[in-house]
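Hello,

Here is the structure I promised to pass on to you. Please open it and keep it beside this message while you read.

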Amino acid sequence: MVRHIESSNRLPPLLTTACFCVTLAPACAPRPDVALEDDGYTVHDSSGVSIVESSLPAWTEGEGWTLTEEPLVSIGAVDGPDEYILYRAGVPIRLEDGRIVVANGGSQEIRFYDSDGRYLNASGSDGEGPGEFRSVGNIWRLGSDSLAVLDYRLYRLSVFDTDGVFGRVIRLGEGPKGLPFPSGMFEDGTILALASEEDDGEYDGDLGSIRDRVQHRRYDREGRFMRSLVTLDGSELYRATHPDGSGFTTSPQHGLRAWSVAGSDTWFFGASEAYEVQEWSLDAELLRIIRLEKDRRAMPTGVVAEWEERLNNMNPQAKQLWVSIPLPERLPAYEQILLDRAGNLWMGEYVVLDETPLWQVVDPRGRWLGEVAMPPGGRISEIGEDYVLGTWRNDMDVQMVRMYGLVKPTHRKAPERG
């Protein structure tokens, strides 16, 4: 549970709606008295919302966390038995006994590997029947003994036990409007889901860069709608008209994107327009805003040059469209947020070119600890007390699931495989 802070009020993180002017424009209201201040870390209250700010990382030299140079477990192969060939694999998770579960889109199944990466068994196949998938996707823990697996095309969750035995199907009810997309599971088995507001198709109003609006909802364990939580900013979009007057909407290059992550009994939202994250209650109460005093990076000249080269290689019609959509002046603050299994919040900085991915770590109190470098070319799916799990591509562009040890100064022992 990530809800600790030295303040008389309950806490949590981020937001971008106009009603909370303290998030968008801190100068729009007087600064309340500081409740706690300690070496670059302050906590104060604003209308019942805890504002947690860090002006510098807490880690000093030698205190930062690092990853092992080589993965402790690596799953995937260029050739060999089918069970080790991964294609469109996503969001692997690690079970309490060390087994790793991988959703493999190429075979439409979930695969179970032991703590050393040896294949054990698989569940599912291509189809629309019970326990089958047409587009297998995210995996979430559902309680201590079950897994919920999302099918993007069939738009349903299939529940398996941790040995891969199929149990039941969960379909989310539509709720007020719009089709909900599962985003995470709370500790009690209820579901956080997102639904984008529908585009009215009119192009005589707001044009240029806009933010989609996304309604956050909560569903029960059976997929029944419980309540709407709050509507917040979604992805950045660009709306414009063609010369013939018809309209179009597209996602701009390096546009902002919002992230919503379920915790144990709260959930977190980040809009990527600043190093901020909000924490919300299950009753749609904004609890805490976590803020790092860190500026978004200016758009690198290498990215601009790369984009101009791509424009020059486009056909004239495509170039005419894309040349009218400007690159933003700054990169998004981050491209992913995660909660680790110890309650720390991680912000994965936006990566361009061949940069080393850097992740900013915030402890459960909201204190900025520092940054951790990740191996490039990967997508992190889970962070534990002493490991980082995700998918990478090797030098031959073959997809691999890897687990690295997360080494901490007070915990220098890597996780055991057995």
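A first thing to look up: where is S272 found? S272 sits in the loop between β20 (266-270) and β21 (276-281). Before going further, please keep in mind that this is a predicted model.

**Around S272**

S272 has a relative accessibility of 1%, and because buried means under 20%, S272 counts as buried. A polar atom of the S272 side chain lies 2.8 Å from the backbone oxygen of R257. Leaving aside neighbours within four places in sequence, the residues in contact with S272 are L256, R257, R296, P332, A333 and Y334. R257 therefore turns up twice in this part of the story, as a contact of S272 and as the residue whose backbone oxygen lies 2.8 Å from the S272 side chain.

**An open sheet**

Next, please look at the open sheet formed by 4 strands, in the order β23-β24-β25-β26, with antiparallel pairing. Its edge strands are β23 (334-339) and β26 (368-373), and each of them pairs on one side only. From one strand to the next, the twist averages 20 degrees. Within this sheet, β24 (residues 345-349) and β25 (residues 358-362) run antiparallel and are joined by 4 bridges. If you would like one pair to click on, G348 has W359 in β25 as its bridge partner.

**A hairpin**

β8 and β9 form a hairpin, with 5 residues between them. In the turn, G117 has a positive phi of about 90 degrees. Strand β8 (residues 109-113) and strand β9 (residues 119-123) run antiparallel, and 4 bridges join them. Here the bridge partner of R111 is A122, in β9.

**N138 and the cavity**

Which strand holds N138? N138 is in β10 (residues 136-142). The side chain of N138 makes a polar contact of 2.6 Å with the side chain of Y152. Not counting residues up to four places away in sequence, N138 touches V91, A148, V149, L150 and Y152.

One of those residues, L150, also appears in the lining of the largest cavity. Rolling a probe the size of a water molecule over the atoms shows where empty space is left. The count comes to 1 cavity of 30 Å³ or more, and the largest cavity has a volume of about 50 Å³. Along with L150, its lining is made up of Y155, R156, L157, I170, R171, L172 and P182.

Happy exploring, and best wishes

Key
Residues are numbered from 1 along each chain as its sequence is written. This is a predicted model: local features need pLDDT of at least 70, side-chain atom pairs count only at pLDDT 80 or more; totals for chains, interfaces and linings use all residues. Side-chain values use heavy atoms; hydrogens and water are left out. Helices (H or I, at least four residues) and strands (E, at least two) are DSSP runs, numbered from the N terminus. A polar contact is a pair of N or O atoms within 3.5 Å; within protein, one must be able to donate a hydrogen and the other to accept it, and residues adjacent in sequence count only if both atoms are side-chain atoms. Contact means heavy atoms within 4.5 Å. Two strands pair if DSSP finds at least two bridges between them. Axes are lines fitted to C-alpha atoms, for helices over the stretch in contact, and angles run from 0 to 180 degrees between N-to-C directions. Buried means under 20% relative accessible area, exposed over 50%, partly exposed in between (1.4 Å probe, protein chains only). On a 1 Å grid over the protein atoms alone, a cavity is a set of points where a 1.4 Å probe fits but cannot get out, and a pocket is an open set with protein on both sides within 12 Å along at least five of seven lines; lining residues have an atom within 4 Å of a point. Grid points are joined across faces, edges and corners, and a volume is the space filled by probe spheres set on the points.
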